Amino acid sequence: NYWGAEFLTLSAVLAGVKDIRAAVEVAQQNRAQSGTPTVLFVDEVHRFNKAQQDAFLPFVESGVLIFIGATTENPSFELNNALLSRVRTYVLRSLMEDDIKTILQQALADKEKGLGERNIQLTDEALMQLVAVADGDARRALNWLEIASDLAEEGADGSLQITDDIVQEVASEAPRRFDKGGDVFYEQISALHKSVRGTDPDAALYWMCRMLDGGCDPLYVARRIVR
């Protein structure tokens, strides 16, 4: 809106070269008829194969498209070098606990876009349990809050109460982030290494249990600990 650009979106899970060409055609028309810039946002961009990624190159290079791609994978491994050389990479870090807490509190208070109309109450302990299970991801935090709110019990004052037990039930179903081979996997095994090497038993046990809970092969963990 600020820039006066048209915003187009594609999901690489569902789209193909035909969809890319259609987006390019819109961008070219915008440029020729009114000079309006076009931003193309591609979600899960790593799902596009080499040919599909190559289809963007001439239009990104000429400025017909302002290209924004989002991926949960490491772009250095999943995107073509030709496309990578024409873009700037930004890493979105996990949010801090205070950030997640603020987001949940806003969701509980917002009557228009959040759960404010439902008059939901929960203890500080229950709130921090939801913060912990979010694992730095605001979307996860909001999803688990919504699930917990659906299980809330009506209190004596008419408010809906999210009890510690409800949060515990929700939290027990929440899978931890673990990708069995991507960046998160290597970050976690590195953290385990550093904890053992640094003689920090609490941290070592935490990362070991987290990897096992995520589905890592116990023999792999054992070999790495011995090493």
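**Exercise 1. Decide whether Phe7 is buried or exposed, and describe the aromatic pair to which Phe7 belongs.**

Step 1. In this predicted model, Phe7 has a relative accessible area of 52%; exposed means over 50%, so Phe7 counts as exposed.

Step 2. A search of the whole structure finds four aromatic pairs. In one of them, the ring centres of Phe7 and Phe41 lie 6.4 Å apart and the ring planes meet at 25°. Planes under 30 degrees apart count as stacked, and the pair of Phe7 and Phe41 is therefore stacked.

Step 3. Phe7 belongs to strand E1 (residues 6–11), while Phe41 belongs to strand E2 (residues 38–43), so the pair ties together parts that are 34 residues apart in sequence.

Step 4. The partner ring is then classified by its own accessibility: Phe41, at 25% relative accessibility, is partly exposed.

**Exercise 2. Work out what kind of pair Phe56 and Phe67 form, and whether each of these residues is buried or exposed.**

Step 1. A pair of aromatic rings is described by the distance of the centres and the angle of the planes. For Phe56 and Phe67 the centre-to-centre distance is 4.9 Å and the angle between the planes is 55°, and this aromatic pair is tilted.

Step 2. Phe56 sits in the loop between helix H2 (50–54) and helix H3 (57–62), and Phe67 sits in strand E3 (residues 66–70), so their pairing ties together parts that are eleven residues apart in sequence.

Step 3. Buried means under 20% relative accessible area. With a relative accessible area of 0%, Phe56 is buried, and Phe67, at 14% relative accessibility, counts as buried too.

Step 4. The description is completed by a further ring, since Phe48, Phe56 and Phe67 form one aromatic cluster.

**Exercise 3. Identify which residues make up the patch of negative charge on the surface, and which helix gives the most to the patch.**

Step 1. The residues that gather in this negatively charged surface patch are Asp124, Glu125, Glu153, Asp164, Asp165 and Glu169.

Step 2. Helix H7 (124–134) and helix H9 (164–172) each contribute at least two residues to the negative patch, and H9 gives the most, with three residues.

Step 3. Asp165 may serve as an example from the patch. Asp165 lies in helix H9, and its relative accessible area of 64% makes Asp165 exposed.

Step 4. To place Asp165 relative to another part of the chain, one can take Thr102, which is 63 residues away along the chain; the C-alpha atoms of Asp165 and Thr102 are separated by 22 Å.

**Exercise 4. For Asn119 and Thr199, state what is notable about phi, and then find where each residue lies and how accessible each one is.**

Step 1. Asn119 has a phi near 55°, which is a positive value in a residue other than glycine. Thr199, likewise a residue other than glycine, has a positive phi near 55°.

Step 2. Asn119 is located in the loop between helix H6 (97–109) and strand E4 (120–122), whereas Thr199 is located in the loop between helix H10 (183–197) and helix H11 (201–214).

Step 3. Asn119 has a relative accessibility of 37% and counts as partly exposed, while Thr199, at 66% relative accessibility, counts as exposed.

Technical notes:
Residues numbered from 1 in each chain as written. Predicted model: local features only at pLDDT ≥ 70, side-chain atom pairs only at ≥ 80, totals over all residues. Heavy atoms only, no water. Patch = residues over 30% accessible without salt bridge, like charges linked within 9 Å, V, L, I, M, F, W, Y side chains within 5 Å. Areas by Shrake-Rupley, 256 points an atom, 1.4 Å probe, with all protein chains shown as cover. Salt bridge = Lys/Arg side-chain N within 4 Å of Asp/Glu carboxyl O. Lys, Arg positive; Asp, Glu negative; His and termini not counted. Charge placed at Lys NZ, Arg CZ, Asp CG, Glu CD. Helix = DSSP H or I, 4+ residues; strand = E, 2+ residues; numbered from the N terminus. Buried < 20%, exposed > 50% of the residue type's maximum accessible area, 1.4 Å probe, protein only. Phe/Tyr/Trp six-rings, centres within 6.5 Å; stacked < 30°, edge-to-face > 60°.
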